[in-house]
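Colleague: Got a minute to go through this model with me? I'd like to start with the aromatic rings.

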Amino acid sequence: MLLKRFIDFLVSPITAILNLFLSTGTFPSALKHASISPLLKKPNLDPDDPNSYRPVSNLPFLSKLIERDIFIQLSDHLARHDLLPDRQSAYRQNYSTETALLSLRDDLLRAADDGNGTAIVLLDLSVAFDTIDHDVLLDRLNGHCGLTGPALSWFTSYLRGRTQVVKIGSVSSQTINIRFGVPQGSVLGGTLFTIYICQLPSVTATDGVIIDGFSDDTQARIRLPLAKNPSPSSQPTTSLSLLSKWCSSPQLRAFLPQKSSKTQHRQDRLFPRCA
């Protein structure tokens with residue numbers, strides 16, 4: 001409210017601050033502290049069970065302004081070079097739960113028209129945003145997305161040295177350092193998580209498994225021929241084993257993409273000055 005009321009006075013210094021951080025590839029330490037407010041995921045969950053809560057981060061307002069500008073530029077970079085899985089429907093312009101449901105319905109109908117059935121497995125990655133390995137994520141941003149120089153330095157500074165406290169009413173926990181994860185409730189958190197798991201669809205692609213994603217909700221499905229006397233098939237079990245192996249690999253390092261000649265074409269200059 002105050003920003004909107006005094007925008008004529010604040011826009012110039014805020015723009016200068018933003019440009020300084022982008023040009024130097026740094027994120028201010030004063031904005032890396034989060035106050036965690038545990039919120040019940042669903043009203044019917046047990047309030048005495050810590051697993052019933054989602055740790056939403058309350059972040060400084062200026063932090064979200066900076067993140068919003070980075071989000072716009074990063075999203076444009078990802079879309080221009082087609083760096084995200086086609087079937088990931090979260091945190092992208094013109095993608096939503098509606099596109100995910102339409103894709104599922106269309107695939108089911110096409111399979112039925114061809115005389116096939118569809119086996120579907122619904123996966124929900126536990127505490128997904130809180131278990132992101134920063135080193136792996138930075139390797140993804142560099143090797144897969146082609147970020148270098150000040151752009152990569154900015155994300156390194158953004159992820160490192162974060163702290164948080166948990167507040168319930170007037171009671172606060174001790175401040176702790178954050179070594180893993182991205183803040184839930186941040187502007188960039190969802191997109192960074194999507195980049196973190198962007199290799200998942202390729203793990204089972206050769207087995208004909210289709211991977212649809214919406215944030216940390218993942219759906220794996222495969223067509224199965226229908227017959228009067230169907231023979232047992234081990235393909236769904238094999239594909240699930242591959243998914244399980246990928247998700248449980250040490251910090252997902254086993255599936256880091258290798259740099260290729262295409263990376264050079266993706267090293268656009270991010271973070272131009274803001275007008």
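**Rings and charges**

Modeller: R92 lies over the face of Y95, 4.1 Å from the ring centre. That label needs NZ of Lys or CZ of Arg within 6 Å of the ring centre and within 35 degrees of the ring normal.

Colleague: What lies over the face of Y158?

Modeller: R162 does, at 4.7 Å from the ring centre.

Colleague: Is this predicted, and what are the ground rules?

Modeller: This is a predicted model: local features need pLDDT of at least 70, side-chain atom pairs count only at pLDDT 80 or more, and totals for chains, interfaces and linings use all residues. Residues are numbered from 1 along each chain as its sequence is written, and side-chain values use heavy atoms, with hydrogens and water left out.

Colleague: How many aromatic pairs are there?

Modeller: Five. Rings of Phe, Tyr and Trp (its six-membered ring) pair if their centres lie within 6.5 Å; planes under 30 degrees apart are stacked, over 60 edge-to-face, the rest tilted.

Colleague: Why is the pair of F27 and Y158 edge-to-face?

Modeller: Their planes sit at 80°, with centres 5.1 Å apart, so the pair is edge-to-face. F27 and Y158 are 131 residues apart.

Colleague: Are F27 and Y158 buried or exposed?

Modeller: Both are buried, meaning under 20% relative accessible area (1.4 Å probe, protein chains only).

Colleague: How do F129 and F193 pair?

Modeller: They are stacked, 4.9 Å centre to centre with 15° between the planes. F193 is in helix α7 (residues 189-196).

Colleague: Which rings form a cluster?

Modeller: Ring pairs link F27, W154, F155 and Y158.

Terms used. Helices (H or I, at least four residues) and strands (E, at least two) are DSSP runs, numbered from the N terminus. Buried means under 20% relative accessible area, exposed over 50%, partly exposed in between (1.4 Å probe, protein chains only).
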